[in-house]
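Visitor: I'm new to reading protein models, and I'd like a close look at one part of this one. Could you walk me through it slowly?

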Amino acid sequence: MKKSFCRCFCMASVLALQGAVLFAFPAPQKDAVKQKITVEPVAGLSEDFMCGVDVSMVDQIEKSGGKFYNADGKEEDVFKILKDHGVNYIRIRLWNNPTYEEDQYDKNGKLVAKKGDKMGGGNNDLETDIRIACRVKEAGLKFMLDFHYSDFWADPGKQYMPQDWKKLSAKELEASVEKFTRETIDAFTAAGAAPDSVQIGNELNSGFMWPVGQLWSSDPNVKIGGMKEFTRLLDRASNGVRTAKGGENIKIVVHLADGGRQELYKWIFDEVKKAKIDYDIIGLSFYPYWHGSMDDLKANMEMCAKRYGKEMAVVETAYAFTEEDGDFQGNAFQVYSDDAHGYVPSVQGQATELRDIIAAVSSIKGGCGVFWWEADSILCKGAHLSSIEGNTWENQALFSFDGKALPSLAVWNLVYGRGEVENVWGGSAKVGRGAVPYALAEPLVVTVKPGKTPNLPKEVKLVFSDDSERLTSVTWEAHDWAGETKENKVNLAGKVEGCDFIPIATVEVTERENLVDDSSFESGKFGAWKLNGSGTACYIENNKGNAHTGKWTYKYWLASGFKSILSRDFKDIPNGVYRLSVWAMGGGGENNIRLFAANYGDGKNQITSKITNTGWQDWHKYEIEIPVTNGRATIGIYLDTNPDCWGNFDDVEFIKVRD
């Protein structure tokens, strides 16, 4: 992959210009609590701003032996730790009946869970959530209840009907939703833990309680209720809140994912407005690596503020403090780095991402809060996102893998200019202002033919001391390019106005031209490549964390096995010997992967090189030499996979190396 150059916490001085480029070095996860970070306050931030975290897993984590430690290194109640760090609001999801309907088997036929067993993921039924909510109230914190109206995870890709409601008619379902909502809130109130706000559904991009409340389907054989039934169910859920004891004082939240997509929010909230549904807050999910830039978020919220006049809160966000995978189950995180912005996956980068989202939300009229999703997601055997899989979120918690409060947890206080922290492990979180660049976000390499002037960028993306990545203007030193008549590498110094950091561009002077334009797939399209196979299984992926260089790769994955060929033809090329190469990485287990070249001679010639994937981020370069004698060649990648095999290809080169 293209390295995400994490913050160098013992920052070296700028190196002399003998081909050296200053990059930062990644700190291991075990040292995360030792990091020293700074956070710039957010001007004018209201004291009523919802500084929230979702800790729905906490009951199961603690029952499984998980512990949380404060800055003094002492075990302490997690809600006390959160409150001391500035958190004032807790969000907890609620599932109807989170138990398996049928026995569960793994791919080898082994029984892994029985019918009626708890599904895990926090086991957030009513009894569990009341237990958590009572602790929230005892700690003096506010409480948001997140109805999923499902027995397990509900999000844009799955909104499954609870098992107890599957046989109900639409009218019976509407009545059940209202009754369930009202009686649930009454139960919390009777326990002394009345919610201060309630989400009526979770990430409702595609509706909820499928198929009755489903907004769209790609399957023409599925009969869905569409927008009419969706808004009816939403209205009954809202009525359930308002008719509960004290319901008139509860803030009702309608929540969508994809917080940067204006058209999505217009489509659904125009209909919600037309249906006269009673609600108070538009809830957004905004994970920058999935949902776009901070500018996208702000533009969407500004549109919503003008169009609907409601309060708005980002009820889910998160970012990683490390790229390490603590339980070898794989993680959901992807490095966010677009053309102009980005964040390093570090404790400082995590803190800056949170601070920037708070600043973005609070800058919009009606922006009222931000919630970090599963801040408590530490590693703990027996507490996973389901009972039959591991944890995919531990590197995005606000605690270390073993439960120590990270310096980034202090952001909730530091955005107000208070609550600086020094912990017993040597880490700290301080108020800071004026971040400065200290590294290139990625190596800068430009190729040019001898005697020609290279096309050097006027702006480069730099990493700043708050571990944000920003596109910054740069002026390059002069050089006699006409005098570069032989193959050479020239390290060119740049100047950034107002700072001492010196970016370096490496200019490769070479006659060897890569005939593969867009060799790193950075256009985001196949272009001249031809795919013979499934476009669902094989596609161009935008994920810097899975790239060798840049952000885009040729990606493959499918739950079932498949075969495909990605190929590209070249015509009217000079005869001679060419070198074809590609970088590859993946999980392994395929029947066959081949880099190949064909049609380069008079006969039906073909040369191949076997590709063997050995793990995530374990990149290997594969190459073959091709004797072109007919002025043409076909190059490509052949795949024959098994179920759930995945991998990425990047940086394809097809270069003439000799006559």
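Which residue is the bridge partner of Glu459 in strand 20?

Guide: Happy to. In strand 20, Glu459 has Ser473 as its bridge partner. One thing to keep in mind from the start: this is a predicted model. The mean pLDDT of the protein chain is 92, with 96% of its residues at 70 or more. Residues 1-25 are another story, as pLDDT stays under 50 there. Where pLDDT is low, the predicted coordinates should not be read in detail.

Back to your bridge. Strand 19 covers residues 459-464 and strand 20 covers residues 468-473, and 5 bridges pair them in the antiparallel sense. Now zoom out a little: these two belong to an open sheet of 4 strands, and if you walk across it the order is 13-20-19-17, with antiparallel pairing. At the edges you'll find strand 13 (341-343) and strand 17 (437-440); each has a single partner strand, so one side of each has no neighbour in the sheet. From one strand to the next, the twist averages 40°.

Strands 19 and 20 come with a nice side-chain detail, too. Arg470 sits over the face of Phe464, 4.1 Å from the ring centre. You can spot a similar arrangement at Tyr416, where Arg418 lies over the ring face at 4.3 Å from its centre.

Since we've got onto rings, let's follow them. Ring pairs join a cluster that includes Tyr343, Tyr336, Phe333, Trp373 and Trp393. Tyr343 is also the last residue of strand 13, one of those edge strands (341-343).

The model has 37 aromatic pairs. Take Phe147 and Phe180: their ring centres are 5.9 Å apart and their planes meet at 75°, so this pair counts as edge-to-face. Phe147 is in strand 6 (residues 142-147) while Phe180 is in helix 4 (residues 170-190), so the pair ties together parts 33 residues apart in sequence. Phe147 is buried, too, with a relative accessible area of 0%.

Then look at Tyr554 and Phe649. Their centres are 5.5 Å apart with planes at 25°, so here the rings are stacked. This pair links distant parts of the chain, 95 residues apart: Tyr554 is in strand 26 (residues 552-557) and Phe649 in strand 33 (residues 646-658). Both residues, Tyr554 and Phe649, are buried.

Methods
Residues are numbered from 1 along each chain as its sequence is written. This is a predicted model: local features need pLDDT of at least 70, side-chain atom pairs count only at pLDDT 80 or more; totals for chains, interfaces and linings use all residues. Side-chain values use heavy atoms; hydrogens and water are left out. pLDDT is the predictor's confidence in each residue, from 0 to 100. Contact means heavy atoms within 4.5 Å. Two strands pair if DSSP finds at least two bridges between them. Axes are lines fitted to C-alpha atoms, for helices over the stretch in contact, and angles run from 0 to 180 degrees between N-to-C directions. Rings of Phe, Tyr and Trp (its six-membered ring) pair if their centres lie within 6.5 Å; planes under 30 degrees apart count as stacked, over 60 as edge-to-face and the rest as tilted. Buried means under 20% relative accessible area, exposed over 50%, partly exposed in between (1.4 Å probe, protein chains only). A charge sits over a ring if NZ of Lys or CZ of Arg is within 6 Å of the ring centre and within 35 degrees of the ring normal.
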